[in-house]
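Me: I'm new to this structure and would love a close look at one part of it. Could you pick out a helix and walk me through its surroundings, then show me how other helices meet?

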Amino acid sequence: MLGQRILITGGTGSFGHAFVRRLLERAGPSRPARIVIYSRDEAKQQAMRMEFANHAGLRFFLGDVRDLQRLRLAFRGVDIVVHAAALKQVEACEYNPSEAVATNIGGTQNVAVTAIECGVKRVVALSSDKAVAPLNLYGATKSAAEALIRAANSYSSPGGTRLAAVRYGNVAGSRGSVIPLWRAALAAGAPLQITDPDATRFWFTLDGAVGLVEWTLEHMRGGELVVPELSAFRVRDLAAAMTGGAPTVIVGPRVGDKTHESMIGADEATYFRRWQGRLIRFLPGDDRGESLEAGFVYRSDLAPRMSVQALRWALAAIP
């Protein structure tokens with residue numbers, strides 16, 4: 001990304017913050033020429049502006065991905081767009097469906113169209129494991145957003161904008177995830193609220209998410225849907241790793257919760273191939289990689305299981 005101009009939609013979120021930090025940690029000559037944070041939250045932008053005050057190449061642009069005209073202004077002269085803006089809270093999306101559709105689907109369409117219009121070279125959009133056989137509106141919007149990003153390659157001229165997506169699970173330690181919520185409860189002496197102790201989830205970190213996006217930007221030709229191969233854990237084991245026996249209370253599943261998460265649906269596995277340690281759904285005609293084995297299933301209850309001790313070690317690296 002040497003000398004390139006990068007824009008991150010939703011750039012003040014957990015991913016955007018980690019991605020910007022990774023870019024700024026690079027030695028001077030290998031840094032991007034400009035990094036633009038595009039988001040709606042002026043308070044978070046100001047906090048980032050103060051945190052990274054010594055970095056002259058960082059720019060802040062207030063705007064919403066729903067606003068096509070604002071996107072056109074922001075995308076001028078940009079080489080790479082990482083599309084992280086979304087409404088992500090499952091319950092909020094369930095009770096505000098029109099807002100979720102307008103941001104996650106309409107906003108993604110706006111990003112794709114504007115990137116093509118403005119001659120952006122590469123776009124990577126962030127998706128979610130909840131896009132697989134979606135049980136909630138958030139997952140349904142992410143499934144639609146994936147399709148929009150991949151199909152947009154058909155509208156771009158040869159040698160023009162290339163668009164791809166990455167799909168991964170909940171990010172450990174990100175805002176709204178269970179780890180900071182449970183840490184706050186422990187600090188307050190309150191019991192941990194557990195929806196289902198036997199539920200399983202994939203383990204993924206912000207560093208892993210940043211690395212996945214960087215890898216995709218380097219290797220994409222357009223149309224890829226890139227999925228990492230991850231370990232998983234039981235919710236009861238995560239609670240044990242965090243508490244050492246502190247009290248817990250089972251509150252039951254939330255709206256739209258699954259007992260186990262899938263990273264690739266059973267019906268779509270035939271379209272994926274394994275290439276360079278990742279699982280990728282390429283556009284037709286892209287013959288990279290090897291087909292997955294017959295009957296391939298990628299679900300959190302069947303993935304390699306993390307022990308309580310492994311979770312303790314992993315938690316120690318989460319700020």
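Reply: Happy to help; what follows starts with one helix and then turns to two helix pairs and the nonpolar cores.

Please keep in mind that this is a predicted model. Let's begin with helix α9, which covers residues 235–243. Seven of its nine residues are buried, so α9 is largely enclosed by the rest of the structure. Going along the helix, the buried ones are V235, D237, L238, A239, A241, M242 and T243. What do these buried residues pack against? Their partners are two helices, α7 (178–187) and α10 (308–316), together with two strands, β7 (192–194) and β10 (232–234). Just past the end of α9 comes G244, whose phi is positive, at about 65°.

Now for a pair of helices that cross. Helix α1 (residues 14–25) and helix α8 (residues 206–219) have axes that come within 9 Å and cross at roughly 65°. That angle makes α1 roughly perpendicular to α8, and the crossing is right-handed. On the α1 side, the residues that meet α8 are S14, F15, A18, F19, R22 and L23. On the α8 side, they find L206, D207, A209, V210, G211, V213, E214 and L217. By class, this contact has nine nonpolar, two polar and three charged residues. A general point helps when reading such lists: an α-helix has 3.6 residues a turn, so residues three or four places apart point the same way.

Two residues of α1 deserve a second look. F15 and F19, both part of the contact with α8, touch the most other members of the largest nonpolar core, which has 69 residues. A second core of 19 residues is separate from that one, and I194, W203, L311 and A314 are among its members.

The other pair is helix α3 (residues 68–75) with helix α5 (residues 97–118), whose axes lie 9 Å apart and pack at an angle of about 45°. This makes α3 oblique to α5. Here, too, the crossing is right-handed. From α3, L68, L71, R72 and F75 take part, and they meet N110, V111, T114, A115, E117 and C118 of α5. Sorted by class, the residues of this contact are six nonpolar, two polar and two charged.

To find your way in the picture, you could start at α9 and its buried residues, then move to F15 and F19 in the largest nonpolar core, and finish where α3 meets α5.

Methods
Residues are numbered from 1 along each chain as its sequence is written. This is a predicted model: local features need pLDDT of at least 70, side-chain atom pairs count only at pLDDT 80 or more; totals for chains, interfaces and linings use all residues. Side-chain values use heavy atoms; hydrogens and water are left out. A nonpolar core is a set of buried Ala, Val, Leu, Ile, Met, Phe, Trp, Tyr and Cys residues joined through side-chain atoms within 4.5 Å. Buried means under 20% relative accessible area, exposed over 50%, partly exposed in between (1.4 Å probe, protein chains only). Helices (H or I, at least four residues) and strands (E, at least two) are DSSP runs, numbered from the N terminus. Contact means heavy atoms within 4.5 Å. Axes are lines fitted to C-alpha atoms, for helices over the stretch in contact, and angles run from 0 to 180 degrees between N-to-C directions. Angles under 35 degrees count as roughly parallel, over 145 as roughly antiparallel, 65 to 115 as roughly perpendicular and the rest as oblique. A crossing is left-handed if the near helix is turned anticlockwise from the far one by less than a right angle, and right-handed if clockwise. Ala, Val, Leu, Ile, Met, Phe, Trp, Tyr, Cys and Pro count as nonpolar, Asp, Glu, Lys and Arg as charged, and the others, Gly among them, as polar.
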